[in-house]
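Reader: Hi! Could you walk me through the cavities and the helix packing in this one?
Author: Happy to. Here it is.

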Amino acid sequence: MIIYQVYPRSFFDSNDDGIGDLAGIEQKLDYIKHLGVDAIWISPFFKSPMKDFGYDVSDYRAVDPIFGTMDDFRSLMRRAKQLGLGVIVDMVISHTSEEHTWFKQSRARQNDKSDWYLWADPRPDGSPPNNWVSVFGGPAWRWDAERRQYYFHSFFSSQPDLNMHNPRVQEAVLREMEYWLDLGVSGFRFDACNHIFQDQLLRNNPPREDTSAALHPYGFQLHVYDQARPEMLPFLEKIRRLLDAYKAFSLAEVGGHDALKLMGQYTHAGRLHSAYSFALMQPDSSAKYVSNVIRTLEDSIHPPGMPCYAMSNHDKPRVASRWQNGRDMLDTAKQSLALMFCMRGDICMYQGEELGLPQADVPFERIQDPFGISFWPKFKGRDGCRTPMPWNGEVHGGFSRAEPWLPVDTRHIDMNVSEQESDPASMLHFTRAMIALRRERPELTQGTISLLDAPEGVLAFTRRHRDGSITCFFNMDTSPKRLPNLGWASSLLSQHLDLARETLTLGVSGYCLLEG
């Protein structure tokens, strides 16, 4: 499956209030369909105080007014169905907003919801019950004066974690999913899957030996008790039984320590269909690193489970910048996209990736992400990958006639959709061609993948299906690479390739898909 991720705040603004909305997504569904993808994944549009821009849900069954209405969602669903596009909803079930009715009742110990969240007494000196820290920095426990207890939050303190050990909480979460399945959604992307359960004994996390890369205290611990707990596995089986009743799809976001192996556990038979991690959203783009990711996933995930490859999303710097390493940006973008669509598994492509957009430079005075505000300038937050989509060369890139919630990068305006539509050599046309090639060749959609030995700096593998094979080479280094020609007759797709009788030479950012 090829999934196109839409970050609704930044996709298209239909009512000129500076914020993208569901009606805006519907207006651009023909564009998405023309890319050749199977489904869209829409980041959260539920009712929310927006302290974490929708990932703090206050009502799972309501559309937040900034994104429109439930009628807008139903209209979007109808149009997507007409086009043959699936709609995948982003479910955030590790936590809610502090404004959710469940949390208000839990805080007040009402309606049997006292233990629907992870509450704990202070230690005798009044300090938090253990040493757990938040992903976004600082202690993971917040004192609540009403209950005279601490509650746990993996992320911001305004996002209390649900107590998923409680069977009634599990059942309530399943009913929220059922609501959207009854509306016809194709499935769910599950946010922060590894954060859904915590150790019931609240044991301290051990220290990490090497903290040199830590941005803040979260990186000083090995997170063995506050995430990736074994209790998650039977709950995933409950989710799968519900999804199977609707023939719906599931995709897990898996982070944390040893995420690639955890993806294998989460996609085991009877659990989720597919999973992705942040492994290819790191700065390391070396052939050695990428081949290790492929090898680990192939060792960890077995049919019917499927890996999902993603190189950009709403949380990480865009791949065109992150993997550039002094190379030509367009060449880098084309190479990384070609690599992604040659992988074995499902694919997630983030909005703007088909245009080759670089990471935007958002000045401090326009930063919206509280994560970035807290750690500027060492860490500039997540806004650089969340800026508005450029549709044309008009004001604000045609995203809105009002001042957008984040500024449109001037470089992005020059790379707008309209401009790329008129250029056959553009990244947009390349993306469509690459997706079409993947669909045409069963080796790329159904085939096995086998890593090959290659010169240092070159990533090489073969995709095989029945009697067909495609051998793929990617020069991930910053200098040309030469390989012996082992009898390949032709190139299906290539960049900076010299295929001579005796040798195969890949220039900087060069790649080729060979058969014969």
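Author: One definition before we start: a cavity here is a set of grid points where a 1.4 Å probe fits but cannot get out, and lining residues have an atom within 4 Å of a point. Keep in mind too that this is a predicted model.

Reader: Thanks. So how many cavities of 30 Å³ or more does the search find?
Author: Two, from a search of the whole structure. The largest holds about 70 Å³ of space, and the second largest about 60 Å³.

Reader: Let's take the second largest cavity. Which residues line it?
Author: The lining is made of L260, M263, S277, A279, L280, V293, L297, C308, Y309 and A310.

Reader: And which element gives the largest share of that lining?
Author: That would be β12, with three residues. The elements that each supply at least two residues there are α7 (259–266), α8 (287–300) and β12 (306–310).

Reader: What's the split by class around the second largest cavity?
Author: Nine nonpolar residues, one polar and no charged ones.

Reader: Since α7 and α8 both came up, how do their axes sit?
Author: They come within 8 Å of each other and cross at roughly 30 degrees. Angles under 35 degrees count as roughly parallel, so α7 and α8 are roughly parallel to each other. Their crossing is right-handed.

Reader: Which residues meet there?
Author: From α7, L260, K261, M263 and G264 meet V293, T296, L297 and S300 of α8. By class, the contact of α7 with α8 has four nonpolar residues, three polar and one charged. L260, M263, V293 and L297 are also among the residues lining the second largest cavity.

Reader: Nice link. Back to the largest cavity, then: what lines that one?
Author: The list is S312, R318, V319, A320, A333, S336, L337, G352, E353, G356, L357 and M427. In class terms, six of the lining residues are nonpolar, four polar and two charged.

Reader: Which helix gives the most to it?
Author: α10 does, with three residues. Both α9 (319–322) and α10 (329–341) supply at least two residues of the lining.

Reader: Where does α10 pack, and at what angle?
Author: α10 packs with helix α14, residues 427–440, at an angle of about 15 degrees, and the axes are 10 Å apart. The two helices are therefore roughly parallel, and α10 passes α14 in a right-handed crossing.

Reader: Which residues make that contact?
Author: On the α10 side, L330, A333, K334, L337, A338, M340 and F341; on the α14 side, M427, F430, T431, M434, I435 and R438. Those divide into ten nonpolar, one polar and two charged. A333, L337 and M427 also appear in the lining of the largest cavity.

Reader: Changing topic: how do α5 and α6 pack?
Author: Helix α5 (residues 167–182) and helix α6 (residues 232–246) pack at about 25 degrees, with axes 11 Å apart. That makes α5 and α6 roughly parallel too, and the crossing is right-handed.

Reader: And the residues in that contact?
Author: α5 brings Q170, V173, L174, R175, M177, E178, L181 and D182, while α6 brings F235, K238, I239, L242, L243 and Y246. The class split of the contact is nine nonpolar, one polar and four charged residues.

Reader: Great, that's what I was after. Thanks!
Author: You're welcome!

Note on methods: Residues are numbered from 1 along each chain as its sequence is written. This is a predicted model: local features need pLDDT of at least 70, side-chain atom pairs count only at pLDDT 80 or more; totals for chains, interfaces and linings use all residues. Side-chain values use heavy atoms; hydrogens and water are left out. On a 1 Å grid over the protein atoms alone, a cavity is a set of points where a 1.4 Å probe fits but cannot get out, and a pocket is an open set with protein on both sides within 12 Å along at least five of seven lines; lining residues have an atom within 4 Å of a point. Grid points are joined across faces, edges and corners, and a volume is the space filled by probe spheres set on the points. Helices (H or I, at least four residues) and strands (E, at least two) are DSSP runs, numbered from the N terminus. Ala, Val, Leu, Ile, Met, Phe, Trp, Tyr, Cys and Pro count as nonpolar, Asp, Glu, Lys and Arg as charged, and the others, Gly among them, as polar. Axes are lines fitted to C-alpha atoms, for helices over the stretch in contact, and angles run from 0 to 180 degrees between N-to-C directions. Angles under 35 degrees count as roughly parallel, over 145 as roughly antiparallel, 65 to 115 as roughly perpendicular and the rest as oblique. A crossing is left-handed if the near helix is turned anticlockwise from the far one by less than a right angle, and right-handed if clockwise. Contact means heavy atoms within 4.5 Å.
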